[in-house]
Amino acid sequence: MRTPARPPLDGLKKRLERSRAEREREPRDGFLRETFVLPRPDARLKAKEWFERFPKQAYWTEIESWFERPGDVIEFTMRRLPAAD
């Protein structure tokens with residue numbers, strides 16, 4: 001009886017390489033970050049939502065960076081700890 005041939009692992013290898021490359025780009029400081037690009041009123045609401053959901057005192061939540069884009073659009077990155085300790 002013949003054993004079946006191994007399936008090709010090209011897809012899996014590509015996925016692993018991509019995942020590892022993404023992790024290398026991320027800072028290893030323990031913070032979770034999310035970047036948003038929203039019109040100014042929506043950006044304010046999103047930041048307020050983050051501060052209500054993840055209080056600054058417990059999660060060290062902050063707006064890490066922000067930029068004004070053309071058309072009154074704000075690009076900003078929110079940062080917080082993964083859990084409140």
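**Exercise 1. Burial.** Find what percentage of the residues of the chain count as buried in this predicted model.

*Solution.* Step 1: a residue counts as buried when its relative accessible area is under 20%. Step 2: the chain has 85 residues, and 16% of them meet this description. Step 3: turn to the surface, where the chain exposes about 7,400 Å². Carbon and sulfur atoms supply 52% of that area.

**Exercise 2. Overall dimensions.** Compare the radius of gyration of the chain with that of a compact globule of 85 residues.

*Solution.* Step 1: for a compact globule of 85 residues, the expected value is near 12 Å. Step 2: the chain itself has 20 Å. Step 3: add the box filled by the C-alpha atoms, which is roughly 70 × 40 × 20 Å along the principal axes.

**Exercise 3. Order of elements.** State how many helices and strands the chain has, and in which pattern they follow along the sequence.

*Solution.* Step 1: there are three helices and three strands. Step 2: along the sequence they give the pattern α-β-α-α-β-β. Step 3: consider contacts between residues with a separation of 6 or more; 54% of these join residues 24 or more positions apart.

**Exercise 4. The nonpolar core.** List the residues of the largest nonpolar core and name the elements that each supply at least two of them.

*Solution.* Step 1: the core has nine residues, namely Phe36, Ala43, Ala47, Trp50, Phe54, Tyr59, Ile74, Phe76 and Met78. Step 2: helix H2 (40-53) and strand E3 (73-80) each supply at least two residues of this core. Step 3: take Met78 as one of the core residues. Leaving aside residues up to four places away in sequence, Met78 touches Phe36, Ala47 and Trp50, among others. Its contacts also include Leu32, Arg33, Glu34 and Phe51, as well as Thr61, Glu62 and Ile63.

**Exercise 5. Positive phi.** Locate tryptophan 60 and aspartate 72, and decide whether each is buried, partly exposed or exposed.

*Solution.* Step 1: most residues other than glycine have a negative phi. Step 2: tryptophan 60 has a positive phi of about 55°, and phi of aspartate 72 is near 55°. Step 3: tryptophan 60 lies in the loop between helix H3 (56-59) and strand E2 (62-69), while aspartate 72 is in the loop between E2 and E3. Step 4: the cut-off for exposed is over 50%. Tryptophan 60 counts as exposed because its relative accessibility is 53%. Aspartate 72, at 41%, counts as partly exposed.

Note on methods. Residues are numbered from 1 along each chain as its sequence is written. This is a predicted model: local features need pLDDT of at least 70, side-chain atom pairs count only at pLDDT 80 or more; totals for chains, interfaces and linings use all residues. Side-chain values use heavy atoms; hydrogens and water are left out. Helices (H or I, at least four residues) and strands (E, at least two) are DSSP runs, numbered from the N terminus. The radius of gyration is taken over C-alpha atoms; the globule rule is 2.2 Å times the number of residues to the power 0.38. Buried means under 20% relative accessible area, exposed over 50%, partly exposed in between (1.4 Å probe, protein chains only). Contact means heavy atoms within 4.5 Å. Accessible areas come from the Shrake-Rupley method with a 1.4 Å probe; for residues, only the protein chains shown count as cover. A nonpolar core is a set of buried Ala, Val, Leu, Ile, Met, Phe, Trp, Tyr and Cys residues joined through side-chain atoms within 4.5 Å.
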